[in-house]
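Q: I'm new to this structure and would like a close look at just one part. Could you take me through the contact between the chains, and then place it in its surroundings?

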Amino acid sequence: MTAVLESSGLGKRYRQRWALRDCTLSVPSGHVVGLVGPNGAGKTTLLSLAVGLLQPTTGSVEIAGDRPASSSAQLAKVGFVAQDTPTYSGLSVADHLRLGRHMNPGWDAKLAERRISQLGLDPAQKAGKLSGGQRAQLALTLAIAKRPAVLILDEPIASLDPLARREFLQILMEVTAEQELSVVMSSHLVSDLERVCDYMIVLVASRVQVADEVDELLNTHRQVTGPRTDLSALPADWQVISASHTDRQSTMLVRTPVPVTDPAWTADPIGLEDLVLSYMSKAVRPSPDSSPALEAQR
Amino acid sequence: MMWLTWRQFRAQGIVAAALAVALGVVLLITGLNLAHLNSDSGGATCHGARACATAANAFINQLPGTGSVPVFFGTIAVIYLAPALMGIFWGAPLVARELETGTFRLAWNQSVSRARWLVVKLGVVGLAAMATAGLLSLFLGWWESPIFRAAALAGSDSAAVTRISPQLFGAQGIAPIGYAAFAFALGVTAGALIRRTIPAMAVTLAAFGLVQAAWPLWIRSHLITPLREYFAITPANVNELAIINNTQMIVRHDVEKPGAWVVSDQTVSPSGHLFSGPPTHACLSANASPNACNASIAALHLRALISYEPASRFWPLQWTETGIFVVLAMALAAFCAWRIGKRRLA
């Protein structure tokens, strides 16, 4: 399987501040990828690099097999819905479809018109008069009707109300099922992504913490509880993501390739949201092996 | 890409076209009137220098009553203002508004490369700006042609009105096309650098205004080295005689050079130095006769040195100036392309 998004050593610096560092990813195609992380983690930077709106400071990135925005053929392969779903407020819905038709050789006019009528949008309405949810739907329609191989969505539902959110995700799922599309979408809420994504990238403090298929993540992570133990005394193939201790008991999230068989420990499966949150808190808290605080001082 | 460019430019283009047509109608009506007046005065059919000068003078003397003077200067003002307005309203928002509203992220992710997006936008709107300025100038050229023809025929009195004079030159011929290209490119560049529409508009206005003011004052006369010519100053042709603080003396003869743009007019001594005194004794002493003063001035053998651009240099100057502004505009456009291509904007 070819990689839909591949990066190595990718980094972006704004003056003194790194928005993204040392990002090495290889996301196979055919997935709905969730890019999750707190606000300011570098999600928008990563996606902007992936669609060619930004130029990397270090490393390289390829999307759908080529450098982002390197040619019009390459641009045609990538659909992008930017954060806050920008549209031309003075142009009508129908004008946006015309824009799409004139600027994309692979434009699927039938698909676009069907979507607009399904959404109940008035083609004569100016985009500036649409609600946030309608605008997001219009931007999504533009991005999918160009028939891309990859669809990139940057916080598409962050500003939508719960009903519009659900509707947006539902339509997104229909489209990906119909079109064999790879999707990468970002959000700061795991709950938004949980229902639709089968691949997860956790990005915190400008670094990728973990990136893998959701099933794989759920299979290899265990919430382990047992007698209070020093971290150094744990099995060598246990990767401790988070740990908390009481006087007598230790509770840890560990990643391990083999099932936990030691009767001293009780191992429970963990939900995706808790798993992601553990990675997030690990990244912002200094841990024994790597200390972001110290690193920042260097 | 053409479609989007046209769709975004449509409203502004229609407004500009409507204004241009309105001005065109005024010029057409008054211009036909002028042509009539000219043939009624015999300007079109006269034979011989004297008859033609009489006809031309008759025509010129009638001009103030026709209302053509405000139309003439009004149109010139419009032609001077048009490039600035197009730079402000067409150039500055071109990139700035996309950056300000975030729509560049929509536009640059269609299947059209960013370079093509910019080239089409600059090409279509820039050519529209140049065409607008060129048409206005062309129309004024037709309208004013009987006046300049009459001014040339009527003799030195009316020859002060010349198309090469700094007041008129920039609204004549092809120069407005160069200004329009430059002002538009300046607006686009300001927008790409400042990223906000309103400040970019203000900067465009200030920068272009500065260039438009500085150009005839300091730069145009260096495009083609002016001709120099000496004229003897005699007591009979002195236009101005003044003594300052008993140490300096001003003797001036204002040279008239029909049809030419006199760039500078200085009084020089026989050795070629600028003359500013000292005053002659005959002119200083309280009881000296005017004749003695005049004789003493004649004895100085002062000359007036003028440097000027003759009327025949109108077109060479027009081509040079327009060429420079078009090249400047292209350099600015190339800079914008480089900046946008480098993705320095997102």
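A: Let's start with what counts as touching: two residues are in contact if their C-beta atoms, placed from the backbone, lie within 7 Å of each other. Keep in mind, too, that this is a predicted model.

By that yardstick, chain A brings 25 residues to the contact and chain B brings 18 residues. On the side of chain A that touches chain B, the elements giving two or more residues are α1 (43-51), α2 (72-76), β5 and α3 (93-103) of chain A. The top contributor is α3(A), which gives five residues to that side. As for the kind of residues found on this side of chain A, 14 are nonpolar, seven are polar and four are charged.

So α3(A) is a good place to zoom in. Its buried residues are A:Val93, A:Asp95, A:His96, A:Leu97, A:Leu99, A:Gly100 and A:Met103. What do they pack against? Within chain A, the buried residues of α3(A) pack against α4 (109-119) and α5, and from chain B they meet α1 (2-40).

Now follow that helix of chain B. The axes of α3(A) and α1(B) come within 8 Å and cross at roughly 145°. On the α3(A) side, the residues making this contact are A:Asp95, A:Arg98, A:Leu99, A:His102 and A:Met103, while α1(B) supplies B:Trp3, B:Leu4 and B:Arg7. Sort the residues of this helix-to-helix contact by type and you get four nonpolar, one polar and three charged. Here's a handy bit of background: an α-helix has 3.6 residues a turn, so residues three or four places apart point the same way.

Next, go behind the helix, into the rest of chain A. Helix α5 (residues 132-145) of chain A, one of the partners of the buried residues of α3(A), lies across β5 and β6 of chain A and runs at about 175° to β5(A). That leads us to a sheet. It is an open one of six strands in the order β5-β6-β7-β3-β8-β9 (chain A), with mixed pairing. Its edge strands are β5 and β9 (207-213) of chain A, each paired on one side only. On average, neighbouring strands of this sheet are turned by 15° against each other, ignoring direction. Remember that β5 of chain A was also on the list of elements that touch chain B.

Let's step across the sheet from that edge. Strand β5 (residues 78-81) of chain A runs parallel to β6(A), and four bridges join them. In one pairing, A:Gly79 has A:Leu151 of β6(A) as its bridge partner. Is strand β6 (residues 150-153) of chain A covered or open on its two faces? Both faces are covered, with A:Val150 and A:Ile152 buried on one side and A:Leu151 and A:Leu153 buried on the other.

Going one strand further, β6(A) and β7 (residues 182-187) of chain A pair in the parallel sense over four bridges. There, A:Ile152 stands opposite A:Val184 in β7(A). To get from β6(A) to β7(A), the chain passes through helix α6 (residues 162-179) of chain A, and this β-α-β crossover is right-handed. After that comes strand β3 (residues 32-36) of chain A, which runs parallel to β7(A) and is joined to it by five bridges. In this pair, A:Val36 stands opposite A:Ser187 in β7(A).

Finally, a quick look at chain B beyond the contact. Its domain assignment gives domain 1 (2-225 + 312-342) and domain 2 (227-311). Taken over C-alpha atoms, the centres of these two domains of chain B are separated by 40 Å. Where they meet, 13 residues of domain 1 of chain B are in contact with nine residues of domain 2 of chain B. On the domain 1 side of that meeting point in chain B, seven residues are nonpolar, five are polar and one is charged.

For a single landmark, try B:Tyr230, found in strand β1 (residues 227-232) of chain B. B:Tyr230 is exposed, with 12 other C-beta atoms within 10 Å. Leaving aside residues up to four places away in sequence, B:Tyr230 touches B:Arg303, B:Ala304 and B:Leu305.

Key
Residues numbered from 1 in each chain as written. Chains lettered and ligands numbered in written order. Predicted model: local features only at pLDDT ≥ 70, side-chain atom pairs only at ≥ 80, totals over all residues. Domains from an automatic or database assignment. Nonpolar A, V, L, I, M, F, W, Y, C, P; charged D, E, K, R; others polar. Buried ≥ 20, exposed ≤ 12 C-beta atoms within 10 Å, placed from the backbone. Pairing = 2+ DSSP bridges. Right-handed = clockwise from strand over helix to strand, strands pointing away. Axes fitted to C-alpha atoms, helices over the stretch in contact; angles between N-to-C directions.
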